[in-house]
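Pull up the model and get comfortable turning it around. We'll walk through it a piece at a time, from the overall fold down to single residues.

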Amino acid sequence: MNPRDKIPWARRVKKNEIRRVYQHDAAGVRDVAEIDALGLALYLRCVDILCVKKAREGGGLRCPSCYLDESSPTETYIPYSGRFYRGMDEIALTCPACGFAFTNVEFYMSFRGRQLHSGGAAPAFEHFVHHFPAERDAVKKLLLIDRLITSFHYSLRSKPDWPTRSVGPNLIEGRLKDIIAFLDELSGTEKGRGGDEQQKTDMGGENFAPKNKKAVRTGRARTTRRRTGR
Ligand SMILES: [Zn+2]
């Protein structure tokens with residue numbers, strides 16, 4: 001087995017899974033099971049993105065075996081410094097609850113290069129993880145999904161309010177360019193629902209999408225910043 005696969009993470013969703021839900025909604029067909037399936041897949045992905053964040057911040061490594069135990073899933077965290085880098089010394093780790101053995105390097109290799117970094121978008125992932133499981137209304141579930149996938153990473157340091165990149169690649173299969181085109185396609189479908197911005201505001205909390213979404217998606221914000229040196 002590829003050592004990168006020893007510790008599995010939740011998959012990214014396929015564009016078609018999202019497109020189908022949006023198309024059905026635009027046509028007035030509200031398939032709750034379909035919305036739930038998409039929401040669950042996004043929820044599991046967000047949970048894992050936040051798990052990697054926790055590990056990198058020294059909050060411990062989640063035992064994959066306990067977490068994925070179908071009969072009794074639990075979260076067991078093994079203490080670790082949170083320092084991950086190429087060529088680090090290998091440390092053997094054993095889960096005190098189930099005995100599953102892995103190393104810090106295997107853990108690192110499992111998430112490296114797999115779009116599992118929360119970057120500057122942690123609040124968007126946290127918002128979805130916090131609100132989606134408790135939501136019962138299908139329309140609001142769909143709005144939470146829409147709000148999540150159209151969110152952005154923000155610069156953590158010098159310009160905390162400056163949106164830098166779509167969260168799309170963290171959640172959706174494909175390359176950034178294709179995902180941007182796909183999200184623009186969805187905004188066309190979205191118009192059919194009407195009143196979305198107001199509804200998002202009605203749901204409380206901040207919206208993680210900037211006003212000029214398209215400029216940011218296409219990287220214009222970053223280009224401008226480079227040119228102006230801001
Ligand atoms: Zn375990």
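What follows is a short tour of this fold, and keep in mind that you're looking at a predicted model.

Let's start with the whole chain. Its secondary structure comes to eleven helices and six strands. Of the 230 residues in the protein chain, 29% are buried. If you take the contacts between residues at least 6 apart in sequence, 64% of them join residues at least 24 apart.

Now zoom in on a pair of helices. H1 covers residues 15-26 and H2 covers residues 32-56; their axes come within 10 Å and cross at roughly 145°. The crossing of H1 past H2 is left-handed. Which residues do the touching? From H1, it's Glu17, Ile18, Arg20, Val21 and His24, and they meet Glu34, Ile35 and Leu38 in H2. Sort the residues of this contact by character and you get four nonpolar, one polar and three charged.

Next, swing over to H5, residues 122-131, where Ala124, Phe125, His127 and Phe128 are buried. Why do these four end up on the same side of H5? Because they cover an arc of only 160° around the axis. The general rule for helices is handy here: an α-helix has 3.6 residues a turn, so residues three or four places apart point the same way. And what do the buried residues of H5 pack against? Their partners are H2 and helix H6, residues 138-149.

That brings us to the largest nonpolar core, which has 35 residues. Ile18, Leu42, Phe128, Ile145, Leu148 and Ile149 are the ones that touch the most other members. Two or more residues apiece come from H1, H2, H4 (104-111), H5, H6, strand S5 (152-154) and H8 (176-190). H2 gives the largest share, eight residues. As background, nonpolar side chains in soluble globular proteins tend to be buried together.

Two names in that core should ring a bell. Ile18 is one of the residues that H1 brings to its contact with H2, and Phe128 is among the buried residues of H5.

Let's finish on a single residue, Leu143, which sits in helix H6. Is Leu143 buried or partly exposed? A residue needs 20 or more other C-beta atoms within 10 Å to count as buried. Leu143 has 19, so it is partly exposed. Along the chain, Leu143 and Phe132 are eleven residues apart, and their C-alpha atoms are separated by 10.0 Å.

Notes: Residues are numbered from 1 along each chain as its sequence is written. This is a predicted model: local features need pLDDT of at least 70, side-chain atom pairs count only at pLDDT 80 or more; totals for chains, interfaces and linings use all residues. Axes are lines fitted to C-alpha atoms, for helices over the stretch in contact, and angles run from 0 to 180 degrees between N-to-C directions. A crossing is left-handed if the near helix is turned anticlockwise from the far one by less than a right angle, and right-handed if clockwise. Two residues are in contact if their C-beta atoms, placed from the backbone, lie within 7 Å. Ala, Val, Leu, Ile, Met, Phe, Trp, Tyr, Cys and Pro count as nonpolar, Asp, Glu, Lys and Arg as charged, and the others, Gly among them, as polar. A residue is buried if 20 or more other C-beta atoms lie within 10 Å of its own, exposed if 12 or fewer, and partly exposed in between; C-beta atoms are placed from the backbone. The arc is that of the directions from the helix axis to the C-beta atoms. A nonpolar core is a set of buried Ala, Val, Leu, Ile, Met, Phe, Trp, Tyr and Cys residues joined through C-beta atoms within 7 Å.
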